[in-house]
Amino acid sequence: MNKRTKTITTISMLCALAYIAVAVGRIPLVLFLKYDPKDVIIAIGGLLFGPMISFVVAFVVSFIQMITISENGLIGFLMNVISSSSFACTAAWIYKKRRRVSGALLGLFCGWGCMIIVMLLWNYIMTPLYMGCSRQEVIELLLPAFLPFNLVKGGLNMAITMILYKPIVTALRRAHLIETKSESTFRVQWGIILVVCAVGASCILLVLALKGFF
């Protein structure tokens, strides 16, 4: 199997995994907003192959989602592409410039922040179109609903990506789908693990708070 075929095979696998993640892994958080871990797979694809691949996977998965399980049609498709791309493409672009674990962590943090800002703007623009409500009503939802949802979504995506990235890369190497030398600089340190765990725990606590457990 040549390099191009390996790359196409790996990207196809990532698309399939991302679709499975959104099809079976959706968790209701706030109002009609649901979390799913597909952006983790999309971000891993970007860290492996660059930001353009993140966009391609996000586009393909969002399109398949639109024609199979989505109830929001073209608007939902557009919002999914924007959300996934703002997180994963940002992370992949920064990691491409700084190919070490600190670069991955910085990229994921920046992707988290970028997604929050971008999605607050796009929710303000698009939500009235598919909810049939006024823009003023959407403004009233931005801070109590959309902001905490995107904080939780981005934080969980960042933490899960950092946890799963190394095992997934190792599995792909053993399957001879990626070259060993391409990821030799990615060595997770204990400090990074503690940061990731803290972010993940904070997001879980926020979810519990939103659900009224305390």
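Begin by selecting helix 1 (residues 3-24) together with helix 3, whose axes come within 9 Å of each other and cross at roughly 45°. Helix 1 is therefore oblique to helix 3, and the crossing of the two is right-handed. Keep in mind throughout that this is a predicted model.

To see how this pair meets, show the side chains of Ile 11, Leu 14, Cys 15, Ala 18, Tyr 19 and Val 22 on helix 1, and those of Ile 53, Val 57, Val 60, Val 61, Ile 64, Gln 65 and Thr 68 on helix 3, which make the contact. Coloured by class, the contact of helix 1 with helix 3 has eleven nonpolar and two polar residues, and no charged residues.

Stay on helix 3 for the next stop and select Gln 65, which has its place in that helix. Is Gln 65 buried or exposed? With a relative accessible area of 6%, Gln 65 is buried. Leaving aside residues up to four places away in sequence, Gln 65 touches Tyr 19, Val 22, Lys 38, Ser 70 and Asn 80.

Now hide helix 1 and bring in helix 4 (residues 73-97) beside helix 3 (residues 51-68); the axes of these two come within 8 Å and cross at roughly 160°. An angle over 145 degrees counts as roughly antiparallel, and helix 3 and helix 4 are therefore roughly antiparallel to each other. The crossing of helix 3 and helix 4 is right-handed. On the helix 3 side, the residues to display are Pro 51, Ser 54, Phe 55, Ala 58, Phe 59, Ser 62, Phe 63, Gln 65 and Met 66, while helix 4 brings to the contact Gly 73, Leu 74, Phe 77, Asn 80, Val 81, Ser 84, Ser 85, Ala 88, Cys 89, Ala 92, Trp 93 and Lys 96. By class, the residues of this contact of helix 3 with helix 4 divide into 13 nonpolar, seven polar and one charged.

Next, select the largest nonpolar core, a set of 51 residues, and highlight Leu 48, Val 57, Leu 108 and Tyr 165, which touch the most other members. Which helix gives the largest share of this core? The largest share comes from helix 6, with twelve residues.

Follow helix 6 (residues 135-174) to Lys 153, which is found in it. Lys 153 is buried, with a relative accessible area of 8%. If you display its surroundings, not counting residues up to four places away in sequence, you will find that Lys 153 touches Tyr 35, Asp 39, Ser 83 and Met 115.

While helix 6 is still selected, move to Glu 137, which also has its place there. Glu 137 counts as partly exposed, at 41% relative accessibility. Draw a distance from the C-alpha of Glu 137 to the C-alpha of Thr 127, and it should read 9.7 Å, for two residues that are ten apart in sequence.

For the last stop, go to the loop between helix 6 and helix 7 (190-210) and select His 176, which lies in that loop. His 176 is exposed, with a relative accessible area of 57%. What is the phi of His 176, given that it is not a glycine? The backbone of His 176 has a positive phi of about 60°.

Conventions. Residues are numbered from 1 along each chain as its sequence is written. This is a predicted model: local features need pLDDT of at least 70, side-chain atom pairs count only at pLDDT 80 or more; totals for chains, interfaces and linings use all residues. Side-chain values use heavy atoms; hydrogens and water are left out. Axes are lines fitted to C-alpha atoms, for helices over the stretch in contact, and angles run from 0 to 180 degrees between N-to-C directions. Helices (H or I, at least four residues) and strands (E, at least two) are DSSP runs, numbered from the N terminus. Angles under 35 degrees count as roughly parallel, over 145 as roughly antiparallel, 65 to 115 as roughly perpendicular and the rest as oblique. A crossing is left-handed if the near helix is turned anticlockwise from the far one by less than a right angle, and right-handed if clockwise. Contact means heavy atoms within 4.5 Å. Ala, Val, Leu, Ile, Met, Phe, Trp, Tyr, Cys and Pro count as nonpolar, Asp, Glu, Lys and Arg as charged, and the others, Gly among them, as polar. Buried means under 20% relative accessible area, exposed over 50%, partly exposed in between (1.4 Å probe, protein chains only). A nonpolar core is a set of buried Ala, Val, Leu, Ile, Met, Phe, Trp, Tyr and Cys residues joined through side-chain atoms within 4.5 Å.
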